[in-house]
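I am keeping short notes as I go through this structure. Each entry records what I looked up and what I found.

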Amino acid sequence: MSPAQLLEALVGTASVSGTEEAVSAFLVKQLTALGFRPRQEGLNVWFEVGHGGSHNGAPRLLFVSHLDTVPPCAGWSTDPFKPHWEGESLHGLGANDAKGSVAAMILAAQILMAQEVGSNGTAVFAFVREEERGGQGIQELLPKLGKLDAAVVGEPTGLKVCAAQRGMLVLQCVAQGVSAHVAHAKLGENAIHKAARDMMKLEAMAFEAHPLLGTTKPVVTQVNGGLARNQVPDRCEFVVDLRTTPNLSDAQVVARLSAELQSHVSVLASGYRPMATDAGQAIVKAALKAAGAKVPVGSDTTSDWAFLGDLPAVKAGPGDTMRSHRPNEWLSLKELNAGTTFYAALAREYFRLKALEAVHG
Ligand SMILES: [Zn+2]
């Protein structure tokens, strides 16, 4: 199977989040045919290139990407589930996010196996389900992968090395007032007016900027208040979505909002931690070398990296995040091949740096 055929087969196997059965089965079959020994954990698929196990202290580097896609949106000019080539570019749902990264990782694994790069360490490849619906796949698979020393998260970044990514914190705010007839509004306290004053404060609020990610902006995304046209509302609820940065904890953000707003603030959703890896870590150095870049960048979108805990990690892959979750998503063969070369070079360089670290302490 050529790189083009592999990408086409992956894109041609529909895998909207929650329906990864077919793509998972396809991968197991395909990886076995390529000479790997894939294991299935639920619908997640993983395999190793190298020694296997972690008994000898050699480093273990995780390559992880996701098998699922979002559902197709409106506006596709062709069938999103039928991959088709326009010149050297493959169009189809998931081509860019993230089946290009999956294909590039598999092709890189073939190179690493052929070069016997595994004598210096083990590359662990994991392709997981439901990244687009809360990261269930990586959370159930991670404890089964054994000791890991670093990770590469495959998402379309144009092969830019992301050493930081935003998290997500969703807050529920409730403004309380006192109800009254509108004709006697002075007797009441208008909860919607109170909420509105808080929203103006939120818009003006500035958090300390992160060097790679910039500042966090609170965004009011939903408002609900008022029971009747002629009644002063005694309650107004609104939702605030913050794309957080790793220099501020969720607790600090909540404390700051609680102090500045009159509304009561509580956490509606968290768990997507903001992440960052120090530029001095071998994984960042290796990724930059493989990318031919001097400095890492930050990423505004979250990913399965949010669930990797303190594992030093970078996010990088072929394609462009601006094409994700949009009609007529595509990836070029040139991007796929560059991704393959990048991942293979990254693994080689990472194992080389870890061997040097082991010698020099
Ligand atoms: Zn993705």
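**Entry 1: helix 7**

I looked at the end of helix 7 and found G292 following it, with a positive phi near 65 degrees. I keep in mind that this is a predicted model. Helix 7 covers residues 282-291. Which of its residues are buried? I noted A282, I283, V284, A286, A287 and L288. Next I checked what covers these buried residues of helix 7. The cover includes strand 3, strand 7, strand 8, strand 17 (313-315) and helix 8 (333-360).

**Entry 2: the zinc site**

I turned to the zinc ion and listed what coordinates it. The donors are H66 through NE2, D97 through OD, and E155, which appears twice through OE. The distances run from 1.9 to 2.8 Å. Along the chain, the donors follow the spacing H-x30-D-x57-E. H66 and E155 link distant parts of the chain, 89 residues apart. H66 sits in strand 3 (residues 60-66). E155 sits in the loop between strand 7 (150-153) and strand 8 (162-165).

What is the geometry of the site? I found it irregular, with angles of 51 to 142 degrees among the 4 donor atoms. For a tetrahedral site, all angles would have to lie between 85 and 135 degrees.

I also checked whether two of the donor residues are buried or exposed. H66 has 0% relative accessibility, so it counts as buried. E155 has 9%, so E155 counts as buried too. The cut-off for buried is under 20%.

**Entry 3: V124**

I picked one residue and looked around it. V124 lies in strand 6 (residues 122-128). Its relative accessibility is 0%, so V124 counts as buried. What touches V124, leaving aside its neighbours within four places in sequence? I listed W46, F47, E48, R60, L61, L62, F63, L145 and L148. I then took the C-alpha distance from V124 to V49, which is 6.5 Å. These two residues are 75 residues apart along the chain.

**Entry 4: the sheet of 4 strands**

I traced an open sheet of 4 strands. Its order is 11-13-9-14, and the pairing is antiparallel. Why do two of the strands have a side without a neighbour in the sheet? Strand 11 (218-225) and strand 14 (264-272) stand at the edges with a single partner strand each, so one side of each is left free of a neighbour in the sheet. From one strand to the next, the twist averages 20 degrees.

I then followed the pairs. Strand 9 (residues 167-176) and strand 13 (residues 235-244) pair over 10 bridges, in the antiparallel sense. Within this pair, C173 has F238 of strand 13 as its bridge partner. Q172 stands opposite V239 of strand 13. Helix 5 (residues 191-204) packs on this sheet and touches strand 9, strand 11 and strand 13. The direction of helix 5 makes about 15 degrees with that of strand 13.

Strand 11 also runs antiparallel to strand 13, and 7 bridges join them. There, V220 has V240 of strand 13 as its bridge partner. I checked how covered strand 13 is: 7 of its 10 residues are buried.

**Entry 5: the sheet of 3 strands**

I found an open sheet of 3 strands with the order 4-5-18 and antiparallel pairing. Strand 4 (84-86) and strand 18 (330-332) are at the edges, each with a single partner strand, so each has one side without a neighbour in the sheet. The twist here averages 30 degrees from one strand to the next. Strand 5 (residues 89-91) is joined to strand 18 by 3 bridges. L90 stands opposite L331 in strand 18.

Which helices lie against these strands? Helix 1 packs on the sheet, touching strand 4, strand 5 and strand 18. Its direction makes about 10 degrees with that of strand 5. Helix 8 lies across strand 4 and strand 18, at about 70 degrees to strand 18.

**Entry 6: helix 1 and helix 2**

I finished with a helix pair. Helix 1 (residues 3-12) and helix 2 (residues 21-33) have axes 9 Å apart and pack at an angle of about 155 degrees. The two helices are therefore roughly antiparallel to each other. At the contact, L6, A9 and L10 of helix 1 meet V23, F26, L27 and Q30 of helix 2.

Key: Residues numbered from 1 in each chain as written. Predicted model: local features only at pLDDT ≥ 70, side-chain atom pairs only at ≥ 80, totals over all residues. Heavy atoms only, no water. Pairing = 2+ DSSP bridges. Axes fitted to C-alpha atoms, helices over the stretch in contact; angles between N-to-C directions. Contact = heavy atoms within 4.5 Å. Donors = N, O, S within 2.8 Å, 3.2 Å for Na, K, Ca; no water. Tetrahedral: all angles 85-135°; square planar, octahedral: opposite > 155°, others 65-115°. Buried < 20%, exposed > 50% of the residue type's maximum accessible area, 1.4 Å probe, protein only. Parallel < 35°, antiparallel > 145°, perpendicular 65-115°, else oblique.
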